[in-house]
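Here is a colleague's note for you to read alongside the model, point by point. Please keep the sequence and the structure in view as you go.

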Amino acid sequence: MDLDHILTHLGEDRENYYNAVSPPIIQSSNFVFDTIQEMREALADEVNHHIYTRGNNPTVAILRKKLAALEHAEDALVVSSGSSAMSAAVISQVKAGDHIICVQKPYSWTYKLLTNFLVKFDVSFDFVDATQIEEIEQAIKPNTTLLILESPNSLTFEIQDLSACAELAKKHNIITVIDNSYATPLYQNPIDFGIDIVIHSSTKYINGHSDVVCGVICSSSAIISSIFKSEFMTLGLNISPHDAFLILRGLRTLPVRMERIVNTTQAVIEYLSKHDKVEKILFPFHDTFPQQELAKKQMRACGGLFSIFLKTRDKKAIERFVDNLDAFLIAVSWGGHESLKLPSLIFHDMQGQEDSPIPYNLVRLSIGLESPDFLIKSLNNAFSAM
Ligand SMILES: *Cc1c(COP(=O)(O)O)cnc(C)c1O
């Protein structure tokens, strides 16, 4: 489906709201029926009807249609966070006694879902180096039911061969789920490679304005309907109609924001590649990235999130670099309008994190909507202060 059609027309129901261009926020918990028969019909297919806003809501429904189309999926659910999107997707596919294979170093709350939460329900797991398909194959057990992917990783950017993973999983009757937050539906559509369930933290690029926490689950109608009837309704994962309105507004500019971010990132990375205080750059489309060829095969472009290793082991110098990098705000998260910096030094200073596999001279940068000149000037100042 045409991208412009999806963003401007799909799912809009303007005749029902005075031909307003922008949809109303239907701030109602409840929807009424004219007759018993009408209500009976709605209850029989709640995922497609408006009965109660914990289930479906007209403002949220517009967003569901657009996001499903963007991910080449039959249906989608919009949920309260990226973390709840992954949790609901995973929980929907396992039962006590099952085994999960997951990529190494997944997003922190995906890690905790397996290690803190699902262990209580007798679901076991293995983390594997999923850059090697053989490592996944060797980890498969008779009770493996789910493979969790995240491509690229959002700190160290390893990727997985999505076609190979989907093919292997299908052979063993294993469902595949991927965290596709980094690439956005514009730059990577895992369903086209045979992946079953795609989740996003739409807090990041999809909303893009650092003002809503939200998530998306995209899959077949059968899987979405099953998640809706169980995890979604039971755990109450719905977002508010107001948040849906904000995400819709953010989504309208996703292509222009991403185009701007991709171009700025390219300029910033070109500058960093030549700088003698940069030891290494982790970015899937960079010439030095070991999986660059695979990245270019399955991603149409690369976002604005990447990591650099500073060419020093002096923690004070790293702190001077970060503190003097004024154009970038220091914070968690990414994908908003504002450029951000996150030094791994922060985690090393936390108790119990000394043995982290991530070296302390790594700094993650997220490029926002500022101009490349503004950001490069600030980087120049920060390197001088190092
Ligand atoms: C932020 C993030 C999440 C979690 O999303 P929330 O909306 O914060 O719950 C999941 N995966 C990745 C890669 C993320 O960066």
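1. On the surface of this predicted model, the residues I330, I346 and F347 form a nonpolar patch, and together they have about 230 Å² of accessible area. One of these residues, I330, is found in strand β10, which covers residues 329–330. I330 counts as partly exposed because its relative accessibility is 49%, and the cut-off for exposed is over 50%.

2. Strand β10 also belongs to an open sheet of 5 strands, in which the order is β8-β9-β12-β11-β10 and the pairing is mixed. Because β8 (278–282) and β10 stand at the edges and each has a single partner strand, one side of each is left without a neighbour in the sheet. Within this sheet, strand β11 (residues 340–343) and strand β12 (residues 362–366) pair in the antiparallel sense over 4 bridges, and L340 has S366 in β12 as its bridge partner.

3. The edge strand β8 takes part in a salt bridge, where the side chains of R313 and E279 meet at 3.5 Å, N to O. R313 lies in the loop between β9 (305–310) and α13 (315–324), whereas E279 lies in strand β8, so the pair ties together parts that are 34 residues apart in sequence. R313 is exposed, with a relative accessible area of 51%, while E279, at 38% relative accessibility, counts as partly exposed.

4. Turning to the interior, the largest nonpolar core has 122 residues, and those that touch the most other members are I217, L272, F306, I308, F321 and L379. Helix α11, which covers residues 254–273, gives the most to this core, with 8 residues. As a general background, nonpolar side chains tend to be buried together in soluble globular proteins. If we leave aside neighbours within four places in sequence, the contacts of I308 include L272, V278, F321, L362 and L365.

5. Is strand β1 (residues 75–79) enclosed or open to the outside? Since 5 of its 5 residues are buried, strand β1 is largely enclosed by the rest of the structure. Both of its faces are covered, for D75, L77 and V79 on one side are buried, and so are A76 and V78 on the other. Strand β1 runs antiparallel to strand β7 (residues 215–219), to which it is joined by 5 bridges, and the bridge partner of A76 in β7 is C218.

6. A search of the whole structure finds 8 salt bridges, and one of them joins the side chains of K66 and E12 at 2.8 Å, N to O. K66 lies in helix α3 (residues 58–70) and E12 in the loop between α1 (3–8) and α2 (36–44), so this pair ties together parts that are 54 residues apart in sequence. K66 counts as buried at 1% relative accessibility, and E12 counts as buried at 14%. Both residues also belong to a network of salt bridges that links E12, R14, K66 and R252.

7. Helix α3 appears again in a salt bridge between the side chains of D75 and R64, at 3.1 Å, N to O. This pair links distant parts of the chain, with D75 in strand β1 and R64 in helix α3, 11 residues apart. Both D75 and R64 are buried.

Methods
Residues numbered from 1 in each chain as written. Predicted model: local features only at pLDDT ≥ 70, side-chain atom pairs only at ≥ 80, totals over all residues. Heavy atoms only, no water. Core = buried A, V, L, I, M, F, W, Y, C linked by side-chain atoms within 4.5 Å. Buried < 20%, exposed > 50% of the residue type's maximum accessible area, 1.4 Å probe, protein only. Helix = DSSP H or I, 4+ residues; strand = E, 2+ residues; numbered from the N terminus. Contact = heavy atoms within 4.5 Å. Patch = residues over 30% accessible without salt bridge, like charges linked within 9 Å, V, L, I, M, F, W, Y side chains within 5 Å. Areas by Shrake-Rupley, 256 points an atom, 1.4 Å probe, with all protein chains shown as cover. Salt bridge = Lys/Arg side-chain N within 4 Å of Asp/Glu carboxyl O. Pairing = 2+ DSSP bridges.
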